[in-house]
Amino acid sequence: MAGDNELVLHVLGTAAAWPFPRVGCACPMCAEALRDDRLRRARSALLVERRGSEELVLVDAGNDIHWQLLQAGENVHRRLAALVLTHPHSDHYLGLDDLARALKDVREVLLPFYLQDDNLPVVERTFSYLLPSREGARPWEKPRFEPRAIRLEEPFDVAGIRFTPINTFHTDTFTTCAFRIEANGRAAVYAPDCARIESETAMDADLLVIDATELDDATESHLSIPTALETARRLRARRTILTHIGHHQISCADRDARLAGQATVATDGLVLEV
Ligand SMILES: [Zn+2]
Ligand SMILES: [Zn+2]
Ligand SMILES: [Zn+2]
């Protein structure tokens, strides 16, 4: 029953690092996305809502966040209580400047920005003028984000929602997190960039939204459709949605056939009730 669901995930974007359709590509996947706007994919981002609460938590702000906020609804930028970062690869944080502009006239205080300690130097290199350190800031630029350190396996609460960071072993450069996201007895796990999950914290979720960047063969940094399905089975996820979709180059019908009903593939704008 939808009315009982306490947690709502708004999937703002579902592409891996490069959006769809790809420029100049005529593969079945890109051709379908050119013909049908609903199959276009922007960079991965997620908006988390606890039912009945005005506040929203944004997970990641990549290159497309400006359009994604517009698409998500008129007042979404006013309702943001925090930004949570999975990791500072360009497709997950390069929209910080656009997000700062959206917050300019609606927020007096800095937006809490939850991220791993080893993620902060990367963000500072590009956007120090948006942080309280203000290095390189021009006189008219104000800081917009207040960094708050998070650690693997240590839960933090924001807007009545509990987030627990989980290691996804996505890169050696810095820590990358998946999050167990909980409110009122409901649990989702969001793992857009994931090489593997070892933590028990990811077990037995009502919903798992997980990396399927690759079609057949997983890489050192990303899962594939078969390894994502295998991970979902091992974690005993009650429902599985694939995201962070890479260049699979096959039609939707061919791709769905490989899923054998064990999961569905997210689309931009999908609303998931947990
Ligand atoms: Zn990514
Ligand atoms: Zn293509
Ligand atoms: Zn990444």
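Here is a chat about the fold of one protein chain, seen in a predicted model.

Visitor: Okay, how many helices and strands does the protein chain have?
Guide: In this predicted model, the protein chain has eight helices and 14 strands.

Visitor: And what size of box do the C-alpha atoms fill?
Guide: Roughly 55 × 45 × 40 Å, taken along the principal axes.

Visitor: What does the radius of gyration say about it?
Guide: A compact globule of 274 residues would come out near 19 Å, and the protein chain has 18 Å, so the two agree.

Visitor: How much of the protein chain is buried?
Guide: Of its 274 residues, 46% count as buried. As for contacts with a separation of 6 or more, 64% are between residues 24 or more positions apart.

Visitor: Let's talk sheets. What is the strand order in the one that has strand 14?
Guide: That open sheet of seven strands goes 6-5-4-3-2-1-14, with mixed pairing. Its edges are strand 6 (145-150) and strand 14 (271-273), and each of those pairs on one side only. From one strand to the next, the twist averages 25°.

Visitor: Do strands 3 and 4 run parallel or antiparallel?
Guide: Parallel: strand 3 (residues 56-59) and strand 4 (residues 80-84) are joined by four bridges. If you want a spot to look at, V57 stands opposite A82 in strand 4.

Visitor: What about the sheet with strand 7 in it, what order is that?
Guide: It's an open sheet of seven strands in the order 7-8-9-10-11-12-13, with mixed pairing. Strand 7 (156-158) and strand 13 (264-265) are the edge strands, each pairing on one side only.

Visitor: Which way do strands 8 and 9 run?
Guide: Strand 8 (residues 161-167) and strand 9 (residues 177-183) run antiparallel, with six bridges between them. There, P165 faces F179 in strand 9.

Visitor: Which helix packs on that sheet, touching strand 11 and strand 12?
Guide: Helix 7 (residues 225-234). It touches strand 11 (207-211) and strand 12 (240-243), and its direction makes about 150° with that of strand 11.

Visitor: Is strand 11 mostly covered or mostly uncovered?
Guide: Mostly covered, since five of its five residues are buried.

Visitor: Cool, what does strand 11 pair with?
Guide: Strand 10 (residues 186-191) is joined to strand 11 by four bridges, running parallel. A188 has L207 in strand 11 as its bridge partner. Strand 11 and strand 12 also pair in the parallel sense, over four bridges, and I210 stands opposite L242 in strand 12. The chain gets from strand 11 to strand 12 through helix 7, and this β-α-β crossover is right-handed.

Visitor: Which residues of the largest nonpolar core touch the most other members?
Guide: A178, A188, Y190, V209 and I210, out of 77 residues in that core.

Visitor: Pick V209. What is it in contact with?
Guide: Leaving aside neighbours within four places in sequence, V209 is in contact with L9, A188, Y190, A191, I241, T243 and A266.

Visitor: New topic: what's odd about the backbone?
Guide: A bit of background helps. Most residues other than glycine have a negative phi, and most peptide bonds are trans. Here the peptide bond from F20 to P21 is cis, with omega near 0°. P21 is in the loop between strand 1 (7-13) and helix 1 (28-35).

Visitor: And what about phi at D204 and R236?
Guide: D204 has a positive phi of about 55° although it is not a glycine, and R236 likewise has a positive phi of about 55° without being a glycine. D204 lies in the loop between strand 10 and strand 11, while R236 is in the loop between helix 7 and strand 12.

Visitor: Why does D204 count as exposed?
Guide: Because it has 12 C-beta neighbours inside 10 Å, and exposed means 12 or fewer. R236 is exposed too, with 11 other C-beta atoms within 10 Å.

Visitor: Last one, D193: buried or exposed?
Guide: Buried, because it has 27 C-beta neighbours inside 10 Å. D193 is found in the loop between strand 10 and strand 11.

Visitor: What is D193 in contact with?
Guide: Beyond neighbours within four places in sequence, D193 is in contact with T86, H87, H89, T168, H170, T176, D211, H222 and H244. Take H89: D193 and H89 are 104 residues apart along the chain, and their C-alpha atoms are separated by 9.8 Å.

Definitions and conventions:
Residues numbered from 1 in each chain as written. Chains lettered and ligands numbered in written order. Predicted model: local features only at pLDDT ≥ 70, side-chain atom pairs only at ≥ 80, totals over all residues. Helix = DSSP H or I, 4+ residues; strand = E, 2+ residues; numbered from the N terminus. Rg over C-alpha atoms; globule rule 2.2 N^0.38 Å. Buried ≥ 20, exposed ≤ 12 C-beta atoms within 10 Å, placed from the backbone. Contact = placed C-beta atoms within 7 Å. Pairing = 2+ DSSP bridges. Axes fitted to C-alpha atoms, helices over the stretch in contact; angles between N-to-C directions. Core = buried A, V, L, I, M, F, W, Y, C linked by C-beta atoms within 7 Å. Right-handed = clockwise from strand over helix to strand, strands pointing away.
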